[in-house]
Amino acid sequence: MATTSVSSPLRIGIAGLGRLGQRHAEALAFRTRHCNLVAACSPVASERAFAGEQLGIGRLYDDFDAFIADPEIDAVVLVTPTSLHANQTIAALEAGKHVFVEKPLALNVADCERVLAVAERHPAQVAMVGFVRRFDPSYMAAQASVAAGEIGQPFLVRSQTCDQNDPEGFFVRFAPTSGGIFMDCSVHDIDLARWMLGRPKALRAFATGTTALHPALAEFGDVDNGLAIVEFEGGARAVLYASRTMAHGHETSTEVIGTAGKLTVGEHAARDRVVRSDSHGVRHAVVKDFYERFETAFATEMAAFVAACRGEQPLSLTLADALEATRIGLAITRSLHSGQAEPV
Ligand code: NAI
């Protein structure tokens, strides 16, 4: 089992060095305190070369089993395709490592339950799923405000994850392993809704969608714009929108509506606090992608993982939350395909 003392830096290995994995790796190597990024694993030679040459990592693996057997690693950060998350998390826990795994935990409930069962048998190890918005300063402030009763009883969350259109269609190539637009994008909004609403039980979901720009998604049963409604026990509701085709930039925004007020986070996707007023009108620059929007949150998330592994700070985000997000995301995805409301 991982033996991490508060005095020694956590020795981390990262698996997956793609679009997000490289960003996590750079943050762990250069900007995260109390840890050392000592190992990396990728089946792709150029990604291992990046880890060796750009990050100075000496322990490079092309094989995941050999990677998690490395006794010099205390904790692993998994930024691999979603379809691999459950089995890799289980293998890493069984190898005695703390685990951070990117969202979503898995693409079916049985896989989530398998992870939960293994994690229960390894209570001294941290197992954390990357719901990064829980570490974003604005979302944290909003949630604290809701929890303090400042908007009365929250009953409606209206939340969207909208990416700028990528004409090269990275997400089309990503579609076979992502679980579709709701499991990939809306899973963040689902987790947010549960967090803001106090974790109510989800009852039923309805979804529809349309394909505005990327017909190749049809082969995977996916759409590039998706809409969903989730009904919770007690009357609370969530209304979700996910898009791959925004013209202006990345716009993640959320409204939490309560009996005594409303909170709005991330409106208009402003990159900074500069507003230009001239003969063209009044405007501001826009965030271009999820990483630009959430870079601070990703850093805080990794710091929280390291602190949890070092026994300094417990996590409020649980694997049970990740399971519920998958359960709701799956009901939404079933509804997209059936055209009917689906039980969660
Ligand atoms: P990607 O396809 O760019 O990267 C996947 C990486 O995994 C590649 O480096 C690939 O070589 C590597 N890989 C594949 N099989 C492997 C194996 N058996 N062992 C080790 N490495 C392996 O995908 P991307 O966009 O980086 O996404 C990765 C994960 O991160 C996904 O689960 C995705 O849902 C999640 N993600 C989370 C975001 C967030 O906001 N929290 C944003 C973007 C992605």
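**Exercise 1.** How far is an oxygen atom of the ligand from an N or O atom in the side chain of His85?

*Solution.* Keep in mind that this is a predicted model. Start at the ligand and look for the side chain of His85: one of its N or O atoms sits 2.9 Å from a ligand oxygen. Next, try Thr82, where a polar side-chain atom is 2.7 Å from an oxygen of the ligand. Then go to Lys103; here a polar backbone atom lies 2.9 Å from a ligand oxygen. Now for the cover: on its own the ligand would expose 860 Å², and the protein buries 86% of that.

**Exercise 2.** Work out which residues and which parts of the chain surround the ligand.

*Solution.* Begin with the residues that come nearest: out of 27 around the ligand, these are Arg19, Glu47, Thr82, His85 and Lys103. Sort the shell by class and you get 12 nonpolar, 10 polar and 5 charged residues. Move on to the helices: helix 4 (85–94), helix 7 (170–178), helix 8 (181–197) and helix 9 (290–309) each give at least two residues to the shell. Finally, check the domains. Domain 1 (10–130) and domain 2 (134–297 + 324–343) each contribute at least three shell residues. As for the space the ligand takes up, that's the largest pocket.

**Exercise 3.** Find two spots where the backbone deserves a second look.

*Solution.* First, go back to Lys103. The peptide bond joining Lys103 to Pro104 is cis, with omega at about -20 degrees. Pro104 belongs to the loop between strand 5 (98–102) and helix 5 (109–121). Second, hop over to Arg199, which isn't a glycine and yet has a positive phi of about 55 degrees. To find Arg199, look in the loop between helix 8 and strand 8 (202–210).

Technical notes: Residues are numbered from 1 along each chain as its sequence is written. This is a predicted model: local features need pLDDT of at least 70, side-chain atom pairs count only at pLDDT 80 or more; totals for chains, interfaces and linings use all residues. Side-chain values use heavy atoms; hydrogens and water are left out. A residue is near a molecule or strand if one of its heavy atoms lies within 4 Å of it. A polar contact is a pair of N or O atoms within 3.5 Å; within protein, one must be able to donate a hydrogen and the other to accept it, and residues adjacent in sequence count only if both atoms are side-chain atoms. Accessible areas come from the Shrake-Rupley method with a 1.4 Å probe; for residues, only the protein chains shown count as cover. On a 1 Å grid over the protein atoms alone, a cavity is a set of points where a 1.4 Å probe fits but cannot get out, and a pocket is an open set with protein on both sides within 12 Å along at least five of seven lines; lining residues have an atom within 4 Å of a point. A molecule sits in a cavity or pocket if more than half of its atoms lie within 2 Å of its grid points. Helices (H or I, at least four residues) and strands (E, at least two) are DSSP runs, numbered from the N terminus. Ala, Val, Leu, Ile, Met, Phe, Trp, Tyr, Cys and Pro count as nonpolar, Asp, Glu, Lys and Arg as charged, and the others, Gly among them, as polar. Domain bounds come from an automatic or database domain assignment.
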